[in-house]
Amino acid sequence: MPPTLACFSLLCAAILLVGGCTGMANTGATDHAAELTTSLIEFIVKTKGRQERIIQTVCPRLSDVLVNRTAQNQGFHRDVLTEVSLPVAMATPPMLCRLLLVETVPAGMYVDLHQVAFRTDFGGPKILALRDIDVEQTAHQSTQHRLLLYSPLQQSPQGFTWRVVLPVHLRYHRWAGQGEDTSATVRLKGPDVLIHCEGDSQAATRCEESRLFPAPCAADSQEVCLWQLISGKAEPLLFQVPLGQQSHAGLVITGTIAAAVVGSVLILATARRTRREAHRKKDSKNKKE
């Protein structure tokens, strides 16, 4: 099938999926599902070369889904640990399932994809960014961005477990004016947890169209799969970022200029002293000869 027809078929699937989202009772959930579907389809169409057919999913019977999130380390460079536990009515033979986490990273922080790629070689998750990430921008000049996190599930008689560490970095924020707060709060919401399973459909349940989303089957795959959105939202993580004070601008500017002048003088003095010593040694060597 030509690429244009493949894109058309994906867009038709998107319309059907977005239409299915209207069946959700919660208006906020409907808006979020439609926005998520749109961003995923835009990414799939933008990254050309993907296969035209969509691989269907088997929806397992899930009971309680547990999502635990903790923030590690201190300062502007943190690690977010996510642990997902999926108790599943086991099939015989067992289903082959994969987990996908869709992280919505707020404007106040970013993920360095080069750092993530380095960690992948040591067992870290494989990640796709739905758009380019500018790591140099400040918080007020940035927008949120979405990431797709892929990692294999570990299967046991109790169900599936999944554990991943995502490095995040807090952005610098605009300084605070007189009487404003001296710190800003960056709120990282819980991720959307999706699962794709293949196996014995007799041990599965009927899939709800409103909970199915198209996304790449893997970070390095050209295939598109349907993923089932499963319940289990983690509490948001809150990060405090200190703000510069506008009232301190004069002091900071004066101190910066003074430090630059003093540093320059010391460098010039050291260079001059080193040059004199070099000449002195050279003259002494010439006299000995």
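This passage goes through the nonpolar cores, the salt bridges and the aromatic pairs of the structure. The model is a predicted one, and every value below is computed from it.

Starting with the inside, the largest nonpolar core takes in 35 residues. Val84, Leu86, Leu99 and Ile195 are the ones with the most contacts inside this core. As for where the residues come from, strand β10, which spans residues 159–170, supplies the largest share, namely six residues. There is also a second core, separate from that one and made up of 18 residues. Among its members are Ile55, Tyr150, Phe213 and Cys217; Tyr150 turns up again below, as half of an aromatic pair.

On the charged side, the structure holds four salt bridges, and three of them are described here. Take Glu103 and Arg69 to begin with: their closest N and O atoms sit 2.4 Å apart. Glu103 belongs to strand β5 (residues 96–105) and Arg69 to strand β3 (residues 66–72), so this salt bridge ties together parts of the chain that are 34 residues apart in sequence. Is Glu103 buried or exposed? With a relative accessible area of 1%, Glu103 is buried. Its partner Arg69 comes out at 9% relative accessibility, and because the cut-off for buried is under 20%, Arg69 counts as buried too.

The next salt bridge joins the side chains of Arg119 and Asp79, with an N to O distance of 3.4 Å. Here a helix is linked to a strand: Arg119 is in helix α3 (residues 113–120), while Asp79 is in strand β4 (residues 77–86), and the two residues are 40 apart along the chain. Asp79 is buried, at a relative accessible area of 12%, whereas Arg119 is partly exposed, at 28%.

Lys126 and Asp220 also meet through their side chains in a salt bridge, again listed at 3.4 Å from N to O. Which parts of the chain does this pair tie together? Lys126 lies in strand β7 (residues 126–129) and Asp220 in the loop between β14 (212–216) and β15 (224–230), so the parts being tied together are 94 residues apart in sequence. Lys126 has 39% relative accessibility and counts as partly exposed. Asp220, at 59%, counts as exposed, because the cut-off for that class is over 50%.

That leaves the aromatic side chains. A pair of aromatic rings is described by how far apart the centres are and by the angle of the planes. Searching the whole structure turns up two aromatic pairs. In one of them, the ring centres of Phe76 and Tyr172 are 5.2 Å apart and the planes are at 35°, so the pair is tilted. Both partners sit in loops: Phe76 in the one between β3 and β4, Tyr172 in the one between β10 and β11 (183–188), so the pair ties together parts that are 96 residues apart in sequence. Phe76 is partly exposed, with a relative accessible area of 22%, and Tyr172 is exposed, with 60%.

The other pair is formed by Tyr150 and Trp227. Its centre-to-centre distance is 6.0 Å and the angle between the planes is 65°, which makes the pair edge-to-face. Tyr150 is found in strand β8 (residues 145–152) and Trp227 in strand β15, so that distant parts of the chain, 77 residues apart, are linked. Both Tyr150 and Trp227 are buried, and Tyr150 is one of the residues of the second core.

Methods:
Residues numbered from 1 in each chain as written. Predicted model: local features only at pLDDT ≥ 70, side-chain atom pairs only at ≥ 80, totals over all residues. Heavy atoms only, no water. Core = buried A, V, L, I, M, F, W, Y, C linked by side-chain atoms within 4.5 Å. Buried < 20%, exposed > 50% of the residue type's maximum accessible area, 1.4 Å probe, protein only. Helix = DSSP H or I, 4+ residues; strand = E, 2+ residues; numbered from the N terminus. Phe/Tyr/Trp six-rings, centres within 6.5 Å; stacked < 30°, edge-to-face > 60°.
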